[in-house]
Structure formats: structure tokens, C-alpha cells
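The following exercises are to be worked with the sequence and the structure at hand. Each task is followed by a solution in steps.

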Amino acid sequence: MNDSALQRRFHRNADEARFYNRLDNPWLRERELAFARSLAALAPGSPTVLESGCGEGSNLYFLNRVLPGASLHGIDFSPAKVEFARRLLPFASFQAADALRLPYPDASFDLVFCRDLLHHVDFDRPGVLREMWRVAKPGAWLAIFEARGSCPLNLLFQLLYPAERGLKNSSAPSLEALGRELGEPEISFVSPTLVLPAAGFILGWPQSAVLRGLCNIAYAGAWALDRTLQKISPVSRWPYMLLTLQKAS
Ligand SMILES: C[S@@+](CC[C@H](N)C(=O)[O-])C[C@H]1O[C@@H](n2cnc3c(N)ncnc32)[C@H](O)[C@@H]1O
């Protein structure tokens, strides 16, 4: 199976549980809102925004919360995910398309972003950025969220899931080098640990009140660990990165 076929197979279904976990779980929701605010700061007002590789659309859901005037668009190559996003987020528009061939004319958007996409298109990361750049208007921003592949939880993730192995090439220097092919990138480190999302991955956010109570205890432990690690790890070692890049006007 080639890389692209492996990815399509891995992402063929909509991950509804993950979508609702981000929306409903208070331990994760704040983190999601913080990411949306960092995007909104790049394009205030009523921007036209595209997410490449939008999955079920949760990032656009939170962007709509913090930037209600924005015109929101998402593409993903999984028809099931796009169908789910269309149904749940009627205020945004979605298309099933490849990140390497975006179905939009040049210079269409004020902000183009992706999150956790690059390592799934590891065979052509520059191609993903070139397409995002092409559809960005002059003066627009590109924003790329990507996890650091060398952090222990991600090493485990790569071991467990062949479709996540592109993470081995996700580092701050490699991301910066990619951005430098287009302009003058800036890297920031936006999440001190991956402990809470990992807890979310394992525990989810159950419907039953009893299970939810038990999960709350585990999430509180994960939150405390997250805070402790935040204090002792230097920001430049944090495992979640945001690369931003502005197109010349
Ligand atoms: C880890 S998920 C992230 C989804 C979303 N960005 C989020 O943060 O919830 C990666 C997404 O990229 C999509 N994807 C992977 N390769 C793609 C490609 N070549 N073109 C479009 N979408 C792709 C997958 O279908 C999946 O929805």
C-alpha cells in the first residue's frame, strides 16, 4: 500500500467521538478555544478562512465561536468526514478534496491553516504548503499546527499507528525550513504537553454520568501533570508547534 492509500484508509471514517470530545469535554474545550483565538488574532474582523485537512471540522466550529463574522471553508480528502462536517456545521462550507490540489482559485483567502495534516502528507509537505500559499491572498496569513515527533507520547503513537509515522519528520527546524521556502516563518510553541489530548484519546467523554465522574478524576490528574510539566519544561521543548507566515501584500 503506498503512502497516500495508507492515509486514505486510515482516515476513511468520521471520528465522531473525537469531534464531540473536543466540543463537550471541558478539559479539552479550553485548549481548543485557545487554538482558535490564536488563529483569530491573525485575521480579525470578517476574514475568509480555509482549513486544509479539516477532518470533522472541530477547528472551524471553534473559529466560528471566536470569529462569528468569518466566512469558513474546509477541505478534507475523506468524503465521510466532509459529510459529517457539512451536517454538523451548516455555517461553513466543505469540499472533499486533496490538500495537494485545492479546489479554489489563486488568492482566495485571508487565512489558510492546517492542523496535524503535514505528517499525514509526509511524502510531499512542500506541496501542501505551496497549495496553501497559492490560495492565500496578498497579505494573508498561513498557520500550521504540528506536533513534535520526538516527544515520548508521539514516539509511542508512531509505533502503534503506521499512518502516524510521518511524525518522525516533524520538528521545529524542519517546520521552519519548510516555511523558509516561502517567506519568513515564525515558530511558537503553543501547548506545554500532550498529556490532556492523550487522556482524551484514551478516555473520551462518555455519556454515562458515572463514567464521566470517573473520567473527571483521571482528567484532573492529567491536568495536574500537564501543569507540573509546563513549569519544568522550557518553552522551546514544548511538543505542539505553530508556524505562521505572512504573504507579502
Ligand atoms: C489528524 S487529522 C486532523 C483533522 C483536523 N485538522 C483536526 O485538527 O481535527 C488529519 C486530517 O487530514 C486529512 N488528510 C490527510 N491527508 C490529506 C490530503 N492529502 N488531503 C486532504 N486531507 C488529508 C485526513 O483525512 C484527516 O482528516
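**Exercise 1. The ligand shell**

Determine how many residues surround the ligand in this predicted model, and how they divide by class.

Solution. Begin with the count: the ligand is surrounded by 19 residues. His11, Gly53, Gly55, Phe77 and Ala99 are the closest of these. Next, sort the shell by class: six of its residues are nonpolar, eight are polar and five are charged.

**Exercise 2. The sheet**

Establish the strand order of the open sheet and identify the strands that stand at its edges.

Solution. Step one is the order. Seven strands form the open sheet, arranged as β3-β2-β1-β4-β5-β7-β6, and their pairing is mixed. Step two is to find the edges. β3 (93–96) and β6 (186–191) each have a single partner strand, so one side of each lacks a neighbour in the sheet. Step three concerns the twist, which averages 20° from one strand to the next.

Step four examines one pair of strands. Strand β4 (residues 109–115) and strand β5 (residues 136–147) run parallel and are joined by six bridges. Cys114 has Ile144 in β5 as its bridge partner.

Finally, consider the helix that covers part of the sheet. Helix α8 (residues 172–180) lies across β5, β6 and β7 (240–246), and runs at about 15° to β7.

**Exercise 3. Helices α2, α3 and α4**

Describe how α3 packs against α2 and against α4.

Solution. Take α2 first. Helix α2 (residues 16–24) packs on helix α3 (residues 26–40) at an angle of about 85°, and their axes are 6 Å apart. Because of this angle, α2 is roughly perpendicular to α3. On the α2 side, Asn21, Arg22 and Leu23 meet Leu28, Arg29 and Glu32 of α3. By class, this contact of α2 with α3 holds two nonpolar, one polar and three charged residues.

Now take α4. Between α3 and helix α4 (residues 58–66) the packing angle is about 65°, with the axes 9 Å apart. The angle therefore makes α3 roughly perpendicular to α4. α3 and α4 cross in a right-handed manner. From α3 the contact draws on Glu32, Leu33, Ala36, Arg37, Leu39 and Ala40, and from α4 on Ser58, Asn59, Phe62, Leu63, Arg65 and Val66. These residues of the contact of α3 with α4 comprise seven nonpolar, two polar and three charged.

Glu32 thus appears in the contact with α2 and in the contact with α4.

**Exercise 4. Helices α9 and α10**

Decide whether α9 is roughly parallel or antiparallel to α10, and characterise their contact.

Solution. Start from the geometry: helix α9 (residues 195–203) and helix α10 (residues 209–232) pack at about 160°, their axes lying 8 Å apart. At this angle, α9 is therefore roughly antiparallel to α10. The crossing in which α9 passes α10 is right-handed.

Then list the partners. α9 contributes Val195, Leu196, Ala199 and Leu203, while α10 contributes Cys215, Ala218, Tyr219, Ala222, Trp223, Leu225, Asp226 and Leu229. Sorted by class, the contact of α9 with α10 has eleven nonpolar residues, no polar ones and one charged.

Definitions and conventions:
Residues numbered from 1 in each chain as written. Predicted model: local features only at pLDDT ≥ 70, side-chain atom pairs only at ≥ 80, totals over all residues. Near = placed C-beta within 6 Å. Nonpolar A, V, L, I, M, F, W, Y, C, P; charged D, E, K, R; others polar. Axes fitted to C-alpha atoms, helices over the stretch in contact; angles between N-to-C directions. Helix = DSSP H or I, 4+ residues; strand = E, 2+ residues; numbered from the N terminus. Parallel < 35°, antiparallel > 145°, perpendicular 65-115°, else oblique. Left-handed = near helix turned anticlockwise from the far one by under 90°. Contact = placed C-beta atoms within 7 Å. Pairing = 2+ DSSP bridges.
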